[in-house]
Each structure stands twice: as structure tokens, then as C-alpha cells.
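Reader: I am new to protein structures and would like some help reading this one. Could we start with a place where two helices meet?

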Amino acid sequence: MRRTVTTAVVMLACASVVLAAGVKKYGKDLTLKETTKISAIYAAPDSFNGKRVKVQGPIVQVCEMKGCWIALASDQEFQTIRFKVEDGVIVFPMTAKGLTATVEGVVSVETESVEQQLEHGKKMEKEMNKPFDPKTVKGPKTVIMIKGEAAEIQDAAGR
Amino acid sequence: MNWRRLNNVLHRDIGYLAVGLSIVYGVSGVAVNHKADWNPSYRMTKTARQIEPIEASDREAIIREALEKLGIDEAPRNAFRPNPETLQIFFRQATYSIDLPSGAVVIEGARPRPVLFEFNQLHLNTPKRLWTVVADAYAIALIVLAVTGMFVLKGRTGITGRGAWLTAIGVLLPGLYWVYYLWR
């Protein structure tokens, strides 16, 4: 009995080390070989609109309510891009912040009206538990995001 | 073996098999039902701190100075500047957001809740793949338990007596609620 328990503990410990050191897959497999720079999408959003891309960057935000999106930092400062998945298809862990993610999906470029931004801001306020100031909405805004179903997070321990 | 004995054996043994999963799904179900009021999987914390304003202007120097003023030796996972005045430093257990000109720091933490995190992951089928098969099998097992459960006893307390009324109430409950939900 004691030997069985010891073996189980050792196996669990080994599994955690393997998981901790590896790459964790979320959703479908990544298929694209070429990685696009996030800054390149921002430089020419219209040419990427509707196109499938694979991008990489550190995770700087995770949806607190459902884990249904992450924001990746761009290769240029002050720039992020949101990677959105259908609710429940992938649940990103809150503890993934700061880890590097590679994601694949279709670029979406949309113009958000003032009303849409106000509605979105209120939704984000609830999701992220952070105050939203409606005064920050000045006019229509172009929103660039990647809608996808495949991601890999490096060095994720799974929790 | 007559059909009732087979029914009861199935009900008993599938019931035993379903105990563990029923507890996982039940506990997580209650936790997730109230996610508008709390985060059922993570214990979220937010604390404030004050350090001296950051004077450096180069990105790497800013990070070095911030870590020094915070008194942190641990190597961060990453750092990011969402705007020229803010630096975010990411660690395994916390994210530090520093307002560079004022030195105001907000520390946000997200720790998985012991046991509940794992229960919720399974309940919400986060692992997908093999767990989808287990979850489907459990769902089928619940249907089998419900059906066989109706025929465990015979007589006054069975499905032809009190059981019929209680079963009818259980079937009507979701139907009546749905009508109320649509017409309210």
C-alpha cells in the first residue's frame, strides 16, 4: 500500500514537472507556419482584415469572468491585441498573465460607435472588475482583434 | 434474474460509480451558479502600495528601478507598458501596475481556489478531449439512474403510488419555470 502511494506521488510530481516546463495547448492545433508581428497588423489593419494569422506575445490581460479572451502585448510598446474565442471553447487561466502565448485566428477590424463603446465599456467593467469612465469615449474607434480557436501558452503549469 | 432485480442492480452500481462525479458537478454547480457575485475558480486580491516615483526613461532601466524600489528579487515573467505612464510587471502569483510619475502601485493577485478550481475545470469541461467522453458517459449514467430509480420500489411508494406524484412534480418544475420565464 505504502509503495503504491509513493509511486503515485512520484508519478504526479513528474507529471507536474513535465507540465510546468512545457507548452500547454488550448483548443485546436496551430496550423500556420509563419508568425505575423502584431505591429504589422496595426500598421496595415485593412490588408489583414479577414485574414488568418498566427501571432505571439506576452499575455497582459485575461478575461476574469469566463477566460474567453486574452490580450497580447505587441512587439511595439503601448500596443496590445485581443485574442477572442467563443465562450467555453477555450478557458484561459487567470494565472497565465505574463506568459508567452502563440495564437491563431482571423483578424477582425471593426469600427465601434460611441454607443457600442459605452456598452462594451460597461461589459468590461463587469468582466474585469475595473471602473469604466464614459468620458474616455471621444468618438468612433477602430477595434482590431483576432477571433480564433487555437492557442499555445509556453511554460504554463496549467493553473 | 427478473427485470426489476436487473433494474435495481443497475441503479445501485451506476449510483456507486456516479458518487464522485455527482459531488464534483454538484459542488461546482452551486459555485458557478453564483459567479455574478464572486469568482468561483480564483481568489482575486487587490492591494495598493506606494513607492518613490520612477525616474528612469529607458524600458529596461525602468523595470530595474521599479523592482529595486519594490524590493523584489524574484525575476518577473514579463513586463509591459500599456501607456507611457504605466508599467506592468508580471509574476507567477501577482501583477504589479505602477504609475511611474507618482509611484502608486496596484498589486493584483489571482490564486486558484483549492479543490474548487479543479472541480470547476472538470464541470465546465475545460480539459476537453478525454474528459468530454467521461462527461458524456456521466450524463448518460444520470439518465439511466433517473429512469431505473423510478422502478426500484413497487407498491404504494413506487411509481404507481407516491412516486408518480413526485415524478410529475419533478417533470413539471422545469416546464412551469420555462413558461414563467417566457411570460414574465
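Author: Happily! Please keep in mind that this is a predicted model. Start with two helices of chain B: in H1(B), the residues B:Asn7, B:Leu10, B:His11, B:Ile14, B:Gly15, B:Leu17, B:Ala18 and B:Leu21 meet B:Tyr138, B:Ala141, B:Leu142, B:Val144, B:Leu145, B:Thr148 and B:Gly149 in H4(B).

Reader: How do the residues of the contact of H1(B) with H4(B) divide into nonpolar, polar and charged?

Author: Ten of them are nonpolar and five are polar, with no charged residue in that contact.

Reader: And how do I put the arrangement of two helices into words?

Author: Two packed helices are described by the angle between their axes and the distance between the axes. Here, H1 covers residues 3-33 of chain B and H4 covers residues 130-150 of chain B; their axes come within 9 Å and cross at roughly 140 degrees. That angle makes H1(B) oblique to H4(B). The crossing in which H1(B) passes H4(B) is left-handed.

Reader: At roughly what angle do the axes of H1(B) and H3 of chain B cross?

Author: Roughly 95 degrees, with the axes of H1(B) and helix H3 (residues 116-123) coming within 9 Å. Angles of 65 to 115 degrees count as roughly perpendicular, and H1(B) and H3(B) are therefore roughly perpendicular to each other.

Reader: Which residues in H1(B) meet H3(B)?

Author: They are B:Val24, B:Tyr25, B:Val27, B:Ser28, B:Gly29, B:Ala31 and B:Val32, and their partners in H3(B) are B:Leu116, B:Phe119, B:Asn120, B:Leu122 and B:His123. This contact of H1(B) with H3(B) has eight nonpolar and four polar residues, and no charged ones.

Reader: Now let me step back to the whole chain. How many helices and strands does chain B have?

Author: Chain B has five helices and five strands. Following the sequence, you would read α-β-α-β-β-β-β-α-α-α. The radius of gyration of chain B is 27 Å, well over the 16 Å from the globule rule for 184 residues, so chain B is more spread out than a compact globule. Its C-alpha trace spans about 85 × 40 × 25 Å along the principal axes.

Reader: Where are the domains of chain B?

Author: The domain assignment gives domain 1 as 3-39 + 118-183 and domain 2 as 42-112. The C-alpha centres of these two domains of chain B are 47 Å apart.

Reader: Lastly, how many residues of chain B are in contact with chain A?

Author: There are 19, and they contact 13 residues of chain A. Strands E2 (78-83), E3 (86-90) and E5 (104-112) of chain B each give two or more residues to this side, and E2(B) gives the most, with five. By class, the side of chain B that touches chain A has eleven nonpolar, six polar and two charged residues.

Methods: Residues numbered from 1 in each chain as written. Chains lettered and ligands numbered in written order. Predicted model: local features only at pLDDT ≥ 70, side-chain atom pairs only at ≥ 80, totals over all residues. Axes fitted to C-alpha atoms, helices over the stretch in contact; angles between N-to-C directions. Helix = DSSP H or I, 4+ residues; strand = E, 2+ residues; numbered from the N terminus. Parallel < 35°, antiparallel > 145°, perpendicular 65-115°, else oblique. Left-handed = near helix turned anticlockwise from the far one by under 90°. Contact = placed C-beta atoms within 7 Å. Nonpolar A, V, L, I, M, F, W, Y, C, P; charged D, E, K, R; others polar. Domains from an automatic or database assignment. Rg over C-alpha atoms; globule rule 2.2 N^0.38 Å.
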